[in-house]
Amino acid sequence: MATLILWTGYLLAGFAFLGGAYALAAGLQVGRFMRGKNPGLPVYPPVTILKPLHLGEPGLSDNLETFLAQDYPGPIQIVFGAHSESDPAVAVVRALQARYPQLDTAIVADGTLHGSNAKVSNLINMLPAARHDIVILSDSDIAVPRHWLRHVTDALAKPGVGLVTCLYTGEVAPEGDGIWSRLAAMGTSYDFLPNVVMGTSLGLADACMGSTIALTRAMLEE
């Protein structure tokens, strides 16, 4: 019995060592990823951002406003989409439009379904309103820094790049300061993010996440 307990301890210690080694390797890979820089473009192209919406989720106005407040020298069009004009998210967008009347924004309220995925149906309904060659899809629960659009278009302009996506971290909303909300945010930041970086660096994954999917119309048609 003592021998069994001893070897069980060795086995558990081995697993703990492997887990620690993986965490260290993932941390180093994330550090390398964060240090990556893209040179700025001499001329920034026009961009259309598609924002599919569904209901007035917590923090929606603040999240959407980060896209309206981008520091980007090129033309930006933002198309918001919902399945119904009565969706509470539409009222949030109209309030933002009143605060940013100088921006090129539009709302598409269309309940047409194209298959079983409501979000994809929403995007398909919004696409005819997009006027620019570069199209960026982004979920409604995402907030971005002011230079997000510059970084995305810089990356998309690189030779051989067809799609650009962005990693994201978790954040506790002001309305959700409980332990479960914090644990969920920690899981996104400290588990999901490094796992994606490791999977990509080892060639085991080629993720394209709803936080950002940027591509040209030609690539979309292809």
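Mentor: Two strands pair if DSSP finds at least two bridges between them. Keep in mind that this model is predicted.

Trainee: How many bridges join strand β4 to strand β6?

Mentor: Strand β4 covers residues 134-137, and strand β6 covers residues 213-216. They run antiparallel. In this pairing, I136 stands opposite A214. The bridges that join β4 to β6 number four.

Trainee: Which residue in β6 stands opposite T165?

Mentor: Start with strand β5, residues 164-165. Two bridges join β5 to β6, and the strands run antiparallel. Opposite T165 in β6 stands I213.

Trainee: What span does helix α3 reach from its first C-alpha to its last?

Mentor: Helix α3 takes in residues 88-99, 12 residues in total. At 1.5 Å a residue, 16 Å is expected. The model comes close to that, with a reach of 18 Å.

Trainee: Why are the buried residues of α3 on the same side?

Mentor: The buried residues in α3 are A89, V90, V93 and L96. They are on the same side of α3 because they cover an arc around the axis of only 120 degrees.

Trainee: Which exposed residues does the face of α3 turned away from its buried side carry?

Mentor: Look first at the buried side. What covers its residues includes α2 (60-68), β2 (76-82) and β3 (104-109). Exposed means over 50% relative accessible area. The face turned away carries the exposed residues A91, A98 and R99.

Trainee: Which backbone nitrogen does a side-chain oxygen of D87 reach at the start of α3?

Mentor: The side-chain oxygen of D87 comes to within 2.8 Å of its partner. That partner is the backbone nitrogen of A89.

Terms used. Residues numbered from 1 in each chain as written. Predicted model: local features only at pLDDT ≥ 70, side-chain atom pairs only at ≥ 80, totals over all residues. Heavy atoms only, no water. Expected span 1.5 Å × (residues − 1). Buried < 20%, exposed > 50% of the residue type's maximum accessible area, 1.4 Å probe, protein only. Arc of directions from axis to C-beta. Contact = heavy atoms within 4.5 Å. Polar contact = N/O pair within 3.5 Å; in protein donor to acceptor, adjacent residues only side chain to side chain.
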